[in-house]
Amino acid sequence: VAAGGNLVFNFGALPVETFLLQVLVMALLVGFVEESAFRGFMQRKFAASYGFVRALILASFLFMIIHIQFYTYYKLTDPAVQAALGVTAAEVSMAIQFLVTQTVIAISALGIFTGYLYFKSNQNLLPPALFHMTFNIGGLLMASYSNSSEVAFGFGYGLFAFLWVLWAIIVGALVWAATKIGSPRS
Amino acid sequence: VLQLYAVVFAIAWFSQLLTWEVAPSANVGLLITAVLYALIFLVVFMLLRQGSEGFSNLGLRISGLGTFILLAAVLGIRPIYLGNSTGGGGR
């Protein structure tokens, strides 16, 4: 946040090309591939055997589990890594609690919403894939508006979470509207 | 489904491991992730073929309006990006 109160996306400590590569890989590619695996394949298969609601819950749960980054959390407890990031053990502990909570709540919600979009759009993968991509871009933008370690470890918790949820709601509403327009009539 | 989940789970872990232990820079880490995710997509593709379902079952359908919105979004990103990179402290 700039001195005048305006939000400035300055890409933090990241070079612009790294940020764009992040968008390409972590948002566009990851969003599309995860949706094809979890909604396009798993949820569809589960739905054929267990029905829509159980399939939605099961696929969303499996989707959430792979997002809990145990190895990353383990590495963050390494004093050498903490020194490199310039953070204390207490800050890391708080950050891990925040990240796990955020993953369980936000990623479960993401899985349920994209799964529902997939169902409502008559099993069209594009609406959930687009939502997932924009959700990830939102996360990257929020994380890069300032120095990333500030967001992860400092004052940025509340603001980061608030902006990300706001982004998700706005984009979700737009994709929801686009789904209704673009879905084939059944 | 279990086959695919096992692959996705293993790749998710492997990706973290490689990113932390092997990748010399953030960019290389991202490229490793890209390769691993391409591998996941290949597995999805192979499983669809194996089950004789065909790729069309994945459900990639887009309307004319959707194509227009996508193109507008892609073209719209460029000026937004330029606006940020030339002013406001962007690098």
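1. Let's start inside chain A: A:Glu35 and A:Arg39 pair up in a salt bridge, with their closest N and O atoms 2.8 Å apart. Keep in mind throughout that this is a predicted model. The two residues sit 4 apart in helix α1 (residues 16-50) of chain A, so about one helical turn separates them. Buried or exposed, this pair? A:Glu35 is buried, and A:Arg39 is buried too.

2. While you have A:Arg39 on screen, look across to A:Thr114. Their C-alpha atoms are separated by 7.8 Å, although the two residues are 75 residues apart along the chain. A:Thr114 belongs to helix α5 of chain A, whereas A:Arg39 is part of helix α1. With a relative accessible area of 0%, A:Thr114 counts as buried, because the cut-off for that is under 20%.

3. How many salt bridges are there over all chains? The count comes to 2. Besides the pair in point 1, B:Glu21 and A:Lys75 meet through their side chains, at 3.1 Å from N to O. This one joins two chains, because B:Glu21 lies in helix α1 of chain B and A:Lys75 in helix α3 (residues 70-76) of chain A. The partners also differ in cover: B:Glu21 is partly exposed at 41% relative accessibility, while A:Lys75 is buried at 13%.

4. Next, empty space. A probe the size of a water molecule, rolled over the atoms, shows where such space is left. Here the structure holds 1 cavity of 30 Å³ or more, and the largest cavity has about 30 Å³ of space in it. Which residues line the largest cavity? From chain A come A:Ile65, A:Ile66, A:Ile68 and A:Phe70, and from chain B come B:Phe9, B:Ala12, B:Trp13 and B:Gln16.

5. The lining is worth a second look. By type, it divides into 7 nonpolar residues, 1 polar and no charged. Two helices, α2 (52-66) of chain A and α1 (2-21) of chain B, each supply at least two of the lining residues. The largest share, 4 residues, comes from α1(B). That is the helix that also carries B:Glu21 of the salt bridge in point 3.

6. On to chain B as a whole. Along its sequence the pattern reads α-α-α, with 3 helices and 0 strands. Of its 91 residues, 25% are buried. The chain exposes about 5,600 Å², and carbon and sulfur atoms supply 73% of that.

7. One spot on the chain B surface deserves a click: B:Leu39, B:Leu42, B:Phe45 and B:Met46 make a nonpolar patch of about 360 Å². Take B:Leu42 as an example. You'll find B:Leu42 in helix α2 (residues 26-50) of chain B. Patch residues need over 30% relative accessible area, and B:Leu42 has 46%, so it clears that bar while counting as partly exposed.

8. Finally, a backbone detail in chain A. Where do A:Asn122 and A:Gln123 sit? A:Asn122 lies in the loop between α5 (89-120) and α6 (126-144), and A:Gln123 is placed in the loop between α5 and α6 as well. A:Asn122 has a phi near 60°, a positive value in a residue other than glycine. A:Gln123 isn't a glycine either, yet has a positive phi of about 55°. A:Asn122 is partly exposed, at 36% relative accessible area, and A:Gln123 is partly exposed at 32%.

Note on methods
Residues are numbered from 1 along each chain as its sequence is written. Chains are lettered from A and ligands numbered from 1 in the order in which they are written. This is a predicted model: local features need pLDDT of at least 70, side-chain atom pairs count only at pLDDT 80 or more; totals for chains, interfaces and linings use all residues. Side-chain values use heavy atoms; hydrogens and water are left out. On a 1 Å grid over the protein atoms alone, a cavity is a set of points where a 1.4 Å probe fits but cannot get out, and a pocket is an open set with protein on both sides within 12 Å along at least five of seven lines; lining residues have an atom within 4 Å of a point. Grid points are joined across faces, edges and corners, and a volume is the space filled by probe spheres set on the points. Ala, Val, Leu, Ile, Met, Phe, Trp, Tyr, Cys and Pro count as nonpolar, Asp, Glu, Lys and Arg as charged, and the others, Gly among them, as polar. Patches are made of residues with over 30% relative accessible area and no salt bridge: like charges are joined within 9 Å, nonpolar side chains (Val, Leu, Ile, Met, Phe, Trp, Tyr) within 5 Å. Accessible areas come from the Shrake-Rupley method with a 1.4 Å probe; for residues, only the protein chains shown count as cover. A salt bridge is a side-chain nitrogen of Lys or Arg within 4 Å of a carboxyl oxygen of Asp or Glu. Buried means under 20% relative accessible area, exposed over 50%, partly exposed in between (1.4 Å probe, protein chains only).
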